[in-house]
Amino acid sequence: MTVPTPDAPYGVDPLGRPYSDKSKIVAGILQIFLGGFGVGRFYVGSVGVGVAQLLTCGGLGLWSLIDGILFLTSNDRTDKQGRVLRG
């Protein structure tokens, strides 16, 4: 395990990228259940996409469901600062 530093207080992934303070599990669950309001995207700091999902009701639910599943299964999702989501 790596020692946290000021640049990466939550550690780094195997590729050396710093982890976010946000969780991909929380983002995925929020996106699946409240994705029509763009909540998962707002959580990770993607305000533009969150507003688009809010205005389209999460792409009539399909966009938000797929986005939530991708949050849960992908290891490359990042927050607003470009840090990899934990979890």
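Before I count anything, a quick definition: helices here are DSSP runs of H or I with at least four residues, strands are E runs of at least two, and both are numbered from the N terminus. With that in hand, hello everyone, and please keep in mind that what you see is a predicted model.

So, what does the chain contain? The protein chain has 5 helices and 2 strands. Reading from the N terminus, the order is β-α-α-α-α-α-β, with a strand at each end of that series. The C-alpha trace spans about 45 × 20 × 15 Å along its principal axes. Of the 87 residues, 30% count as buried. As for contacts with a separation of 6 or more, 49% of them involve residues 24 or more positions apart.

Let's go to the surface next. The chain exposes about 5200 Å², and carbon and sulfur atoms supply 69% of that. There is a nonpolar patch on the surface with about 1000 Å² of accessible area in total, and its members include Ile25, Ile29, Phe33, Leu34, Phe37, Phe42 and Leu72. Which elements give two or more residues to this patch? They are helix H1, residues 24-34, and helix H3, residues 47-55. If you'd like one residue to look at, try Leu34, which is found in helix H1. Leu34 is partly exposed, at a relative accessible area of 38%.

Now for the charges. The chain carries 8 positive and 6 negative ones, and the mean positions of the two sets are 4 Å apart. As a reminder, side chains of opposite charge can pair when their charged atoms come close. In this model the count comes to 6 salt bridges, and I'd like to walk you through some of them.

Start with Asp21 and Arg83, whose closest N and O atoms are 3.5 Å apart. Asp21 sits in strand S1 (residues 19-23), while Arg83 is in the loop between helix H5 (62-73) and strand S2 (84-86), so this salt bridge ties together parts that are 62 residues apart in sequence. Is Asp21 buried or exposed? Neither, quite: Asp21 is partly exposed, with a relative accessible area of 33%.

Arg83 has another partner, Asp79, and the N to O distance in that salt bridge is 2.9 Å. Asp79 is buried, with a relative accessible area of 6%.

Next, look at Asp67 and Arg77, whose side chains meet in a salt bridge at 3.1 Å, N to O. Here Asp67 belongs to helix H5 and Arg77 to the loop between H5 and S2, 10 residues apart. The cut-off for buried is under 20% relative accessible area, so Asp67 at 4% and Arg77 at 17% both count as buried. Elsewhere, salt bridges that share partners join Asp13, Arg17 and Asp76 into one network.

Let me finish with Ser20, another residue of strand S1. How accessible is Ser20? Its relative accessibility is 0%, so Ser20 counts as buried. And what is it in contact with, leaving aside neighbours within four places in sequence? Ser20 touches Tyr10, Asp79, Arg83, Val84, Leu85 and Arg86. You'll recognise Asp79 and Arg83 there as the salt-bridge pair from a moment ago. Finally, the C-alpha atoms of Ser20 and Ala8 are separated by 8.1 Å, with their positions 12 residues apart along the chain. Thanks for listening, and I'm happy to rotate the model for anyone.

Terms used:
Residues are numbered from 1 along each chain as its sequence is written. This is a predicted model: local features need pLDDT of at least 70, side-chain atom pairs count only at pLDDT 80 or more; totals for chains, interfaces and linings use all residues. Side-chain values use heavy atoms; hydrogens and water are left out. Buried means under 20% relative accessible area, exposed over 50%, partly exposed in between (1.4 Å probe, protein chains only). Contact means heavy atoms within 4.5 Å. Accessible areas come from the Shrake-Rupley method with a 1.4 Å probe; for residues, only the protein chains shown count as cover. Lys and Arg count as positive and Asp and Glu as negative; His and the chain ends are not counted. The place of a charge is taken as NZ of Lys, CZ of Arg, CG of Asp or CD of Glu. Patches are made of residues with over 30% relative accessible area and no salt bridge: like charges are joined within 9 Å, nonpolar side chains (Val, Leu, Ile, Met, Phe, Trp, Tyr) within 5 Å. A salt bridge is a side-chain nitrogen of Lys or Arg within 4 Å of a carboxyl oxygen of Asp or Glu.
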